[in-house]
Amino acid sequence: MKLAVVGDCLLDVDLHGAVERVCPDAPAPVLDVAEERARPGGAGLAAALAAADGVDVTLVSAIADDADGRRLREELAGLPTVLGRSSAPTPVKTRLRCGGHSLARVDRGGGPGAPEVTDEMLDAVLDADFVLVSDYGRGLVRDERLRAVLTRVPVVWDPHPRGPAPVPNARLVTPNAAEAGRFSGHPDPADAARALRAKWDARAVVVTLGARGALLDAGGTPVAVPAPEVPVLDPCGAGDRFAVTAAARLMAGAATDDAVADAVTSAADFLLRGGASGFRPAERVPRPRAEPVSPVDRVRARGGVVVAAGGCFDLLHAGHVRTLRAARSLGDCLVVCLNSDASVRRLKGPGRPVNREHDRAEVLRALDCVDDVVVFDEDTPERVLAVLRPDVWVKGGDYSADSLPEAELVRGWGGRTVVVPYHRGRSTTEMLSRRG
């Protein structure tokens with residue numbers, strides 16, 4: 001079963017340290033920073049929590065192409081993601097922490113901007129068995145195409161005061177008490193849950209009540225779910241933990257009241273272990289692995305040569321096949337670095353690609369000369385090459401190896417760049433122009 005987490009990503013940064021003195025020019029404590037920890041926040045945290053639980057999860061979001069956005073992408077590197085671009089600066093929340101407590105929070109980024117919703121993002125939602133919408137009020141789930149797709153899959157919706165109403169027929173909506181009162185105009189949680197279930201045409205609404213647990217309205221008599229008593233230093237992330245557990249349990253076939261009861265217990269345990277600040281996304285990766293599992297790992301384990309080649313490979317033709325076979329002959333495995341659909345559109349124009357990245361990757365993997373395919377979203381392959389670090393980097397074209405901008409990067413780890421001949425008359429652009 002596949003879960004898609006759809007929503008707004010943030011970058012959370014914790015500055016941990018000690019306070020032993022007061023600023024001489026103001027009555028403010030001085031934090032001597034000993035450690036800085038960054039992690040995904042918002043929908044990114046929800047997806048990381050689901051992955052740590054062993055859920056087959058994909059994050060669907062939009063992230064700006066700025067320094068903070070690139071750092072956020074690095075923090076998401078272990079997660080399956082389908083990402084559009086945001087025109088607003090990446091939201092960053094920096095917490096100053098001492099002794100397990102937050103002294104202050106500094107926010108930057110965000111603001112007006114239209115998050116990009118791509119066809120690949122819509123496909124990822126439709127491909128999921130269940131969806132958790134993690135709305136942080138940044139605008140992604142206001143997109144009409146995305147909202148139309150969300151009506152076609154089972155949804156748990158974690159709302160935000162600045163966000164839109166959930167789509168109709170959501171399986172469960174999870175506002176906290178303050179949000180429920182604001183959305184409904186009713187201060188009493190039971191009245192708020194009943195009013196919101198009708199207003200949103202939802203199958204169930206649960207109002208989370210912090211230390212008091214939660215109150216569920218699924219029609220009929222409301223169900224109060226008490227929470228275990230736990231000491232809470234920092235409640236950050238508890239709502240995400242609750243929503244992830246509820247979505248995962250519903251996806252597994254649990255009844256709504258059972259899913260909510262498990263979510264309350266899960267959120268309490270999460271807070272007992274330090275909340276978001278105590279969570280380590282790296283824990284989701286099972287270690288150690290008994291044997292290398294990827295073609296690159298296997299080749300490197302025996303001292304072989306790893307070859308990489310890159311391109312769009314939109315309409316696979318004889319020129320592509322000749323280039324890839326020539327590349328494979330230079331080593332012991334060939335990894336194709338494939339431009340994502342968004343990258344191809346930026347490079348080739350709005351009419352491209354003809355085939356989606358999933359289809360292009362599938363066709364490439366079917367070639368006996370290709371051992372693996374890695375999709376990258378940037379316009380150039382430097383980032384993916386820095387991760388892959390191939391022994392040989394191959395390009396097809398009529399230019400010299402030294403003229404390639406990535407050649408110096410590859411030389412940095414002792415690799416070399418090779419150019420194989422360009423096959424004139426055989427290119428996707430020429431094929432499409434002849435068709436026209």
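This briefing walks through a cavity, two buried strands and some unusual backbone spots in the structure above. The model is a predicted one. It holds 1 cavity of 30 Å³ or more, and strand β14 (residues 306-311) is largely enclosed by the rest of the structure, because 6 of its 6 residues are buried. Strand β9 (residues 155-158) is another good place to look, with buried residues pointing both ways. A cis peptide bond at R352 and P353 and positive phi values at N169 and D201 round off the tour.

**The cavity**

- Rolling a probe the size of a water molecule over the atoms shows where empty space is left.
- In this model, the largest cavity encloses about 150 Å³ of space.
- The largest cavity is lined by 16 residues, and C9, A62, S86, P91 and R138 are the closest to its centre.
- Strand β4 (residues 56-63) supplies the largest share of that lining, with 3 residues.
- By residue class, the lining has 9 nonpolar, 5 polar and 2 charged members.

**Strand β14 and its partners**

- In a regular strand the side chains alternate between the two faces of the sheet.
- On β14, V306, A308 and G310 belong to one side, while V307, A309 and G311 belong to the other; both faces are covered, and these residues are all buried.
- Strand β15 (residues 333-339) pairs with β14 in the parallel sense, over 6 bridges.
- If you would like a landmark in that pairing, go to G311, whose bridge partner in β15 is L338.
- The route from β14 to β15 includes helix α11 (residues 318-328), and the three elements make a right-handed β-α-β unit.
- Strand β17 (residues 392-396) also runs parallel to β14, joined to it by 3 bridges.
- For this second pairing, A308 is a handy marker: its bridge partner in β17 is W393.

**Strand β9 and its partners**

- Which residues of β9 point the same way as each other? V155 and W157 point one way and V156 and D158 the other, and all are buried.
- Strand β8 (residues 130-134) and β9 are parallel partners, with 4 bridges between them.
- Within this pairing, W157 in β9 stands opposite V133.
- Together with helix α4 (residues 144-150), β8 and β9 form a right-handed β-α-β unit.
- β9 also pairs with strand β10 (residues 172-173), again in the parallel sense, through 2 bridges.
- Here V156 has L172 of β10 as its bridge partner.

**Backbone spots worth a look**

- Most residues other than glycine have a negative phi, and most peptide bonds are trans.
- The bond joining R352 and P353 is a cis peptide bond, with omega at about 5°.
- P353 sits in the loop between α12 (341-348) and α13 (357-365).
- N169 is not a glycine, yet it has a positive phi of about 70°.
- You will find N169 in the loop between β9 and β10.
- Is N169 buried, exposed or partly exposed? Its relative accessibility is 48%, so N169 counts as partly exposed, given that exposed requires over 50%.
- D201 is another residue other than glycine with a positive phi, near 55°.
- The loop that holds D201 lies between α6 (189-199) and β11 (205-208).

How values were computed:
Residues are numbered from 1 along each chain as its sequence is written. This is a predicted model: local features need pLDDT of at least 70, side-chain atom pairs count only at pLDDT 80 or more; totals for chains, interfaces and linings use all residues. Side-chain values use heavy atoms; hydrogens and water are left out. On a 1 Å grid over the protein atoms alone, a cavity is a set of points where a 1.4 Å probe fits but cannot get out, and a pocket is an open set with protein on both sides within 12 Å along at least five of seven lines; lining residues have an atom within 4 Å of a point. Grid points are joined across faces, edges and corners, and a volume is the space filled by probe spheres set on the points. Ala, Val, Leu, Ile, Met, Phe, Trp, Tyr, Cys and Pro count as nonpolar, Asp, Glu, Lys and Arg as charged, and the others, Gly among them, as polar. Buried means under 20% relative accessible area, exposed over 50%, partly exposed in between (1.4 Å probe, protein chains only). Two strands pair if DSSP finds at least two bridges between them. A crossover is right-handed if, with the strands pointing away from the viewer, the path from the first strand over the helix to the second runs clockwise.
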